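This report covers model confidence, one pocket and a group of aromatic rings.

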Amino acid sequence: MDRALANIYGLIGIGTFVYLTFFDGYIYNAWNWLIAIPVNLFLSAIWPIYWLILHWMF
């Protein structure tokens, strides 16, 4: 059961990263990939907080 929950948590984190990187409407240029990718990785790691609080604030 714990392994299944960890896998689900990871899959939702990957889905959140893909959403934030490609479908959120953020306009990328040559330099801001260096900032946006680590921020997206961090937000996808804490995806419950992102989807419950932060997504609705922005």
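The text below takes up confidence, then the pocket, then the aromatic rings.

The model is predicted. Its protein chain has an average pLDDT of 90, and 98% of the residues score at least 70. Helix H1 (residues 2-23) has the highest confidence, at a mean of 94, whereas helix H3 (residues 47-57) has the lowest, at 86.

The largest pocket holds about 300 Å³ of space. Its lining consists of 14 residues, and those nearest the centre are Leu20, Asp24, Tyr26, Asn40 and Leu43. H1, helix H2 (33-45) and H3 are the elements that each contribute two or more residues to this lining. H2 contributes the most, with five residues. Sorted by class, the lining has eleven nonpolar, two polar and one charged residues.

Five aromatic pairs occur in the structure. Two of them are set out here.

| Pair | Centre to centre | Angle between planes | Class |
|---|---|---|---|
| Tyr19 and Trp51 | 5.3 Å | 45 degrees | tilted |
| Tyr50 and Trp51 | 5.0 Å | 75 degrees | edge-to-face |

The pair of Tyr19 and Trp51 links distant parts of the chain, since Tyr19 lies in helix H1 and Trp51 in helix H3, 32 residues apart. Tyr19, Tyr50 and Trp51 belong to one aromatic cluster.

Which of these rings are buried and which are partly exposed? Tyr50 has a relative accessible area of 6%, so Tyr50 is buried. Tyr19, at 24% relative accessibility, is partly exposed, and Trp51 is also partly exposed, with a relative accessible area of 28%.

Technical notes. Residues numbered from 1 in each chain as written. Predicted model: local features only at pLDDT ≥ 70, side-chain atom pairs only at ≥ 80, totals over all residues. Heavy atoms only, no water. pLDDT = per-residue confidence, 0-100. Helix = DSSP H or I, 4+ residues; strand = E, 2+ residues; numbered from the N terminus. 1 Å grid on protein atoms, 1.4 Å probe; cavity = no way out; pocket = protein on both sides within 12 Å on 5 of 7 lines; lining within 4 Å. Points joined across faces, edges and corners; volume = space filled by probe spheres on them. Nonpolar A, V, L, I, M, F, W, Y, C, P; charged D, E, K, R; others polar. Phe/Tyr/Trp six-rings, centres within 6.5 Å; stacked < 30°, edge-to-face > 60°. Buried < 20%, exposed > 50% of the residue type's maximum accessible area, 1.4 Å probe, protein only.
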